[in-house]
Amino acid sequence: MISKKLEEAVNAQIQAEMYSANLYLSMSAYFRSKGLDGFAHWMYIQYQEEMFHAMKFFNYLFSRGGRAEIREMEKPATDFDSPRDVYEKALKHEQLVTSLINNLHEIAIEENDYAFQAFNQWYIDEQVEEEESAQGIIDKLDLAGEGGIYWVDKELAARTFTPTNPGEGEV
Ligand code: FEO
């Protein structure tokens with residue numbers, strides 16, 4: 001059974017993952033409003049991935065005898081200066097999420113919860129990819145320059161999301 005302290009921290013993380021989903025959906029809406037449909041598509045997939053992250057924690061809490069709670073969330077930003085500004089903010093946000101995931105791991109170590117540490121390793125690895133992909137797009141935008149945004153937009157349109165089972169229940 002999961003401890004109350006870790007259950008509370010996981011519930012806070014579910015909220016952080018759902019906030020991430022809302023933030024990326026808001027970024028997707030910004031791109032759509034600018035006619036950048038490839039960027040909008042990439043961010044929509046990112047939204048789906050964040051909901052997957054949230055549901056994986058949600059289902060895990062029940063499998064450990066805990067209870068997931070859905071809480072009130074802050075409104076995400078709606079306006080941005082440029083595609084680069086969006087990805088800089090996405091990278092900064094992912095760096096914050098990495099610190100939250102690391103903090104969860106530290107709590108699990110304090111609580112001697114080995115099962116949670118094994119489960120959380122998936123998120124630790126995922127955060128390496130999350131930061132790398134946001135940084136990768138910043139690098140592409142720098143390479144492409146103003147005039148190359150169209151080509152980056154075309155490339156981002158090809159992103160796909162293949163969900164695996166996030167645990168008990170549905171995404
Ligand atoms: Fe769920 Fe983007 O970290």
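Begin with α3 and α4, which are roughly antiparallel to each other, because their angle is over the 145 degrees that this label requires. The model on screen is a predicted one.

**Stop 1: α3 against α4**

Select residues 83-110 for α3 and residues 114-144 for α4. The two helices pack at an angle of about 165°. Their axes lie 9 Å apart. Now check the hand: the crossing of α3 past α4 is left-handed. Colour the residues of this contact by class. Of those in the contact of α3 with α4, 15 are nonpolar, 9 polar and 6 charged.

**Stop 2: α3 by itself**

Hide α4 and keep α3. Helix α3 contains 28 residues. Set a distance between its first C-alpha and its last: the span is 41 Å. At 1.5 Å a residue, 40 Å would be expected, and the span of α3 is close to that.

**Stop 3: the loop after α3**

Move on past the end of α3 to Asn112. Asn112 sits in the loop between α3 and α4. What is the sign of phi at Asn112? Phi is positive there, near 55°, and the residue is one other than glycine.

**Stop 4: α1 against α2**

Next, select residues 4-33 for α1 and 37-63 for α2. The axes of α1 and α2 come within 8 Å. They cross at roughly 165°. The angle is over 145 degrees, so α1 is roughly antiparallel to α2. Look at the hand here too: α1 passes α2 in a left-handed crossing. Colour this contact by class as well. The contact of α1 with α2 has 18 nonpolar residues, 6 polar ones and 5 charged ones.

**Stop 5: the cavity**

Finish inside the structure. How many cavities of 30 Å³ or more does the structure hold? There is 1. The largest cavity encloses about 50 Å³ of space.

Show its lining as sticks:

- Start with Tyr24, Trp42, Met43 and Gln46, which are among the lining residues.
- Add Tyr87, Ala90 and Glu94, also part of the lining.
- Complete the lining with Glu130, Ser133 and Ala134.

Which elements give two or more residues to the lining of the largest cavity? They are α2, α3 and α4. Colour the sticks by class to see the mix. The lining of the largest cavity has 6 nonpolar residues, 2 polar and 2 charged.

Terms used: Residues are numbered from 1 along each chain as its sequence is written. This is a predicted model: local features need pLDDT of at least 70, side-chain atom pairs count only at pLDDT 80 or more; totals for chains, interfaces and linings use all residues. Side-chain values use heavy atoms; hydrogens and water are left out. Axes are lines fitted to C-alpha atoms, for helices over the stretch in contact, and angles run from 0 to 180 degrees between N-to-C directions. Helices (H or I, at least four residues) and strands (E, at least two) are DSSP runs, numbered from the N terminus. Angles under 35 degrees count as roughly parallel, over 145 as roughly antiparallel, 65 to 115 as roughly perpendicular and the rest as oblique. A crossing is left-handed if the near helix is turned anticlockwise from the far one by less than a right angle, and right-handed if clockwise. Ala, Val, Leu, Ile, Met, Phe, Trp, Tyr, Cys and Pro count as nonpolar, Asp, Glu, Lys and Arg as charged, and the others, Gly among them, as polar. The expected span of a helix is 1.5 Å times one less than its number of residues. On a 1 Å grid over the protein atoms alone, a cavity is a set of points where a 1.4 Å probe fits but cannot get out, and a pocket is an open set with protein on both sides within 12 Å along at least five of seven lines; lining residues have an atom within 4 Å of a point. Grid points are joined across faces, edges and corners, and a volume is the space filled by probe spheres set on the points.
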